[in-house]
Amino acid sequence: MEGVINERVQRASWYRILHRGLSLHIPYFFVSASLINRRISGDESISFAAIFSPLLVLQVTSSIPSVLVLLSSSEANIVSAAYRRIVARRTIHNSVLRAAFLGLLTAKLEGALDWSFRLITIPIWLQLAVVMVMLHTEVKRLQDAMCERAFKKQSASIEIQLLATVFIAMKLDGVLGWSWVAVFWPLWLPAGTLCVLALLLSCFMPCFLCVVVCDRHQRFGGGAHPVLMVVTWTCFLFASICSFIFLLRLAEHLDGDHNAPAASFMMPALVLLVYLLAVELYLLVFGMGVLRRLAQHHQQMLAAGNRASDGSGTSPEEAEARTNAVINGEKPRLLVRIATDLYRRPKEEEEALLKAFRER
């Protein structure tokens, strides 16, 4: 019996590793960007089919976890399981449509297809149609507002893709007379958002670190862990700088400014992809363990601060048990309603108050 349990645990561990490996995206973008860099640097042996083939492979690999979800035997009448199946079907549909778009674009650039670029963007439009149909049919039938909000948030990037491809296609077809700086306005929005967030975090981080150094026990009123805050700040800062420089140099090059080498605008993109690749691989190998240790350490520091302030509170073992319960997804015995369809876990004093009320 113990051998069977160990075998199942090992199989589940390998399944998690495989699932995380298939969820990698940055390596495919890095390979494709490297091939584009070689192509525009003068290496005519690199075909467009070779450039887009890593992205086609990405569509296949990213669909495998969704296929496994649909093939699993989980209860479909449970809301969470039903929602996972809906997301899996959406992922597969979008992967097929993106693969069709890449295939049409490759044929167009290779000269094998005489369609306009606006016709080639039809699969991108169909992605939005699929999302809207699923939102107003399958997701609505769940009658769960949290699932509906999550589905909308996860599908928000499709709108940016649609706007960007439409304006770029109109420019390439000669219908739009704007400069490339203006054509890229759908891409300037997320890049500008990153810059604003990086600026706000840059202004906020010195104050945050000063509070942490002056009062280690409180950890800024129970907020995020300082290490996570610093990592988040550096990610936003690095991504905003590289993406802004890349879009600006690309627009200047396409508008006719050939003072710089043709491949100069690719360097910020390659540097950003290398950074994101390192972060993604680190999270793949060490991510869950690091997050677990940070959460446990942060909870212990909060508990120590509470005991130091009022002489009471939970022990480190109890705090660690509560942290593990949250990380492992254990269901709480009590939830506090704070909105129409929003709940949170109770605080320690709330649980103590309820326990004292029940003992009366």
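In this predicted model, the charged end of Arg90 is placed over the ring of Phe151, 5.0 Å from its centre. Another arrangement of this kind involves Lys108, which lies over the face of Phe117 at 5.1 Å from the ring centre.

## Aromatic pairs

The count of aromatic pairs in the model comes to six. One of them joins Phe167 and Trp178: the ring centres are 5.6 Å apart and the planes meet at 25°, under the 30 degrees that bounds stacking, so the pair is stacked. Phe167 belongs to helix α8, whereas Trp178 is found in the loop between α8 and α9 (180-183), so this pair ties together parts that are eleven residues apart in sequence. With a relative accessibility of 16%, Phe167 counts as buried. Trp178, at 38% relative accessibility, counts as partly exposed.

Trp188 and Phe244 make up an edge-to-face aromatic pair, with 5.5 Å from centre to centre and 65° between the planes. Here the partners come from two helices: Trp188 from α10 (residues 185-214) and Phe244 from α12 (residues 226-254), so the pair ties together parts that are 56 residues apart in sequence. Trp188 has a relative accessible area of 19% and is buried, because the limit for that class is under 20%. Phe244 counts as partly exposed, at 37% relative accessibility.

The two pairs are set out below.

| Aromatic pair | Centre to centre | Angle between planes | Geometry |
|---|---|---|---|
| Phe167 and Trp178 | 5.6 Å | 25° | stacked |
| Trp188 and Phe244 | 5.5 Å | 65° | edge-to-face |

Phe167 and Trp178 also belong, together with Trp185, to one aromatic cluster.

## Helix α6

Helix α6 covers residues 122-142, which makes 21 residues. From its first C-alpha to its last, α6 reaches 30 Å, close to the 30 Å expected at 1.5 Å a residue. The helix nevertheless contains a kink of about 40°, centred on Leu135. Leu135 is also one of the buried residues of α6. The others are Pro123, Ile124, Gln127, Val131, Met134, Val139 and Leu142. Among the elements that cover these buried residues are α4 (79-109), α5 (117-120), α7 (145-154) and α8 (156-172). After α6 comes Gln143, which has a positive phi, near 55°.

## Two threonines

Thr61 is located in helix α3 (residues 48-71). Its relative accessibility is 12%, so Thr61 counts as buried. The side chain of Thr61 reaches the backbone oxygen of Leu58 at a distance of 3.1 Å. When neighbours within four places in sequence are left aside, Thr61 is in contact with Leu22 and Tyr28.

Thr234 is located in helix α12, the helix that also holds Phe244. With a relative accessible area of 31%, Thr234 is partly exposed. Thr234 and Ser202 lie 32 residues apart in sequence, and their C-alpha atoms are 9.1 Å apart in space.

Conventions:
Residues numbered from 1 in each chain as written. Predicted model: local features only at pLDDT ≥ 70, side-chain atom pairs only at ≥ 80, totals over all residues. Heavy atoms only, no water. Helix = DSSP H or I, 4+ residues; strand = E, 2+ residues; numbered from the N terminus. Buried < 20%, exposed > 50% of the residue type's maximum accessible area, 1.4 Å probe, protein only. Polar contact = N/O pair within 3.5 Å; in protein donor to acceptor, adjacent residues only side chain to side chain. Contact = heavy atoms within 4.5 Å. Expected span 1.5 Å × (residues − 1). Bend = angle between axes of the 7 residues up to and from the residue. Phe/Tyr/Trp six-rings, centres within 6.5 Å; stacked < 30°, edge-to-face > 60°. Lys NZ or Arg CZ within 6 Å of the ring centre and 35° of its normal.
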